[in-house]
Amino acid sequence: MAAARFFSSSVGQLLHSASPVAGNGGRNRGFFRPSSVICPGREPASHELYNDFDFQEGLTSVQALLRQHPKSSRGMMTTVDHLKRLCIDHYFQDEIDNVVDSCANLLHSDDLLDATLSMRLMREAGYCVSADEILQKFTNGNGDFNLANSKDIRGLLSLQDMSHLNIGEALLYKAKDFSSRHLSVAAKYLEPNHATYVKQSLDHPYHVSLMQYKARHHLSYLQSLPTRNIAMEKLTLAEFEINKLQHQREMQEVKRWWMKLGLAQEIPAARDQVLKWYMWPMTILEGFSFSRYRIEITKIISLIYIVDDIFDIVATQEELALFNEAIKRWDLVVADSLPSYMTSCYKALYTITNDIADMSRREHGSNPINHLKKGWATLFDGFMIEGKWLSGNQVPTREDYLTNGVVTSGAPLVFLHLFFMLGHDLTEADSNYIPPVISCPAKIMRLRDDMGSAMDEAQEGLDGSYKELYLRENPHGDADEHMLEMIQGEWEELNRECFSRTKSSLSPSFVGASLNFARMVEVMYGYNNEQRLPALEDYTRMLLL
């Protein structure tokens, strides 16, 4: 079956241990404002920080940087860009808002760096800015970028960054191609540190890569420059250390829960990769205040993973029918009628889901248990559909496969729990609809996995893939190219969802989780020629180990 591969990539031995401005200058202010990492009254103790760094003093020093240049100057925009790339911008959001509000003055600059950097900062902040209109001045009569821009390395880097925030604009397709070609050539002749930075930017493009991962590399680049800002560097290092300590504590709690649960021993055929499962919520849900949510989401991921393996390699069709009926009844009484290994899984699933529903009720005033029960039932139905295709030797259409594959990825169910944790409410009329902010990252993951990268899938269960179905219909076609184009289309739809809306009922934390999910896919499935995941290994060492 097309298993819930939301959680199924490998990182070798490292991770296998058990242990818009809509009209007239307006914008959706605050749409992307992240939650502060430090909760009031829960600031990190000085002994937890990098070299006993005075955190408040560091904040004050960096804050002073935002007053050194006129708000609309390149220097101010560059400072804001560094803060965002280092993932410490959330401490200075009011100051950054003021700077970005002034960026419109540089949108129509004849300088490629000024125009593209201001455009990106404004789009990220929720302004509706037309890339085609702004970039037109840098093109010739044929609509191609002028070769004169090919020597502007900083401008090309900024153009490359902007190209990944595409919402379907023709010139941004050309911008990506133009900047990639000329930066690849330039990297051969630049001095080593700069060349490394350029290659890193091309290999792990801004916006579609994990910000926490990119932050480490950006700091290394800043430290290699002749002019450095020590205050910004120290604050960034302190932030890294805070996050690592917090993640290590969370991981230890998750490990204790998993060992006590005992499912790995009771169902030995199922995979036992709790560290890997934790990497998803650690990545998608940022912020010190969301510690409990990350832990609870890891539990949901773990159980989706176990259920996936039960369907895929453990249970008989008769047992699965009983399991599916039990999940619809949502009653512990029926658990005793299941095989013992299913009973343990069912009870754990039931308990944890109800605990999250109770948490939502206490914190936000409404109990989402009916929606969560329905979410689990939908996942089980998706697995049953895959089983029907397999047992009946049926070949679904690509469209039917992908629609069901979004469900069985597990992503919608994970996001449903997160949705209620963050205080959102859902009407019955909306409960069957998977919005683009969820379906887009789920499709990106499903397609990337189905391209055949997940070589660690040593399961006995058989499953189809979108690639296989495509080649059945197009035996001489290029499946990988087709699927990469589809992934690009999903990114554009996700960008439109995130950057082109004047209003949103979704919190910035939820939207950010969606973007981070999509970004995490390439880390989890970006295998090299040795079938290793270098980005994930590097990322894990940086953020957790």
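## Accessibility and the pair Glu253–Arg292

A residue is called buried when its relative accessible area is under 20%, exposed when that value is over 50%, and partly exposed in between. The structure described here is a predicted model, and the accessibility classes below refer to that model. Arg292 has a relative accessibility of 34% and therefore counts as partly exposed, and Glu253, at 27% relative accessibility, also counts as partly exposed.

The side chains of Glu253 and Arg292 meet in a salt bridge, with an N to O distance of 2.7 Å. This pair links distant parts of the chain, since Glu253 belongs to helix H10 (residues 230–261) and Arg292 to helix H13 (residues 291–314), 39 residues apart.

## Salt bridges involving buried residues

Over the whole structure, a search finds 25 salt bridges. One of them joins the side chains of Arg85 and Asp161, at 2.5 Å from N to O. Arg85 sits in helix H2 (residues 74–85) and Asp161 in helix H6 (residues 153–163), so this pair ties together parts of the chain that are 76 residues apart in sequence. Arg85 counts as buried because its relative accessibility is 8%, and Asp161 counts as buried at 7%.

Another salt bridge is formed by Arg228 and Glu233, whose closest N and O atoms are 2.6 Å apart. Here the two partners fall into separate classes of accessibility: Arg228 is partly exposed, with a relative accessible area of 42%, whereas Glu233 counts as buried at 6% relative accessibility.

## A network of shared partners

Returning to Glu253, which counts as partly exposed at 27%, and to Arg292, which counts as partly exposed at 34%, one can set beside that pair a group of connected residues. Salt bridges that share partners join Asp81, Lys84, Arg85, Arg120, Glu124 and Asp161 into one network. Arg85 and Asp161, the pair with the 2.5 Å salt bridge, are thus found again among the members of this network.

## The second largest cavity

The second largest cavity holds about 90 Å³ of space. Arg85 appears in its lining too, together with Tyr197, Gln200, Ser201, Tyr206, Met211, Lys214, His217 and His218. By class, the lining residues divide into three nonpolar, four polar and two charged.

Which helices each supply at least two residues of the lining of the second largest cavity? They are helix H8 (192–203) and helix H9 (211–223), and of the contributions to this lining the most comes from H9, with four residues.

## Cysteines without disulfides

A search of the whole structure finds zero disulfides. For Cys440, which is in no disulfide, the nearest cysteine sulfur is that of Cys498, at 8.6 Å; the cut-off for a disulfide is a pair of cysteine sulfur atoms within 2.5 Å. Cys440 is buried, with a relative accessible area of 1%, and Cys345 is likewise buried, with a relative accessible area of 0%.

## A buried glutamine in a loop

Gln273 lies in the loop between helix H11 (263–266) and helix H12 (274–284). Despite this loop position, Gln273 counts as buried, because its relative accessibility is 4%. Its side chain is joined to that of Lys276 by a polar contact of 2.9 Å.

Methods:
Residues are numbered from 1 along each chain as its sequence is written. This is a predicted model: local features need pLDDT of at least 70, side-chain atom pairs count only at pLDDT 80 or more; totals for chains, interfaces and linings use all residues. Side-chain values use heavy atoms; hydrogens and water are left out. On a 1 Å grid over the protein atoms alone, a cavity is a set of points where a 1.4 Å probe fits but cannot get out, and a pocket is an open set with protein on both sides within 12 Å along at least five of seven lines; lining residues have an atom within 4 Å of a point. Grid points are joined across faces, edges and corners, and a volume is the space filled by probe spheres set on the points. Ala, Val, Leu, Ile, Met, Phe, Trp, Tyr, Cys and Pro count as nonpolar, Asp, Glu, Lys and Arg as charged, and the others, Gly among them, as polar. Buried means under 20% relative accessible area, exposed over 50%, partly exposed in between (1.4 Å probe, protein chains only). A salt bridge is a side-chain nitrogen of Lys or Arg within 4 Å of a carboxyl oxygen of Asp or Glu. A polar contact is a pair of N or O atoms within 3.5 Å; within protein, one must be able to donate a hydrogen and the other to accept it, and residues adjacent in sequence count only if both atoms are side-chain atoms.
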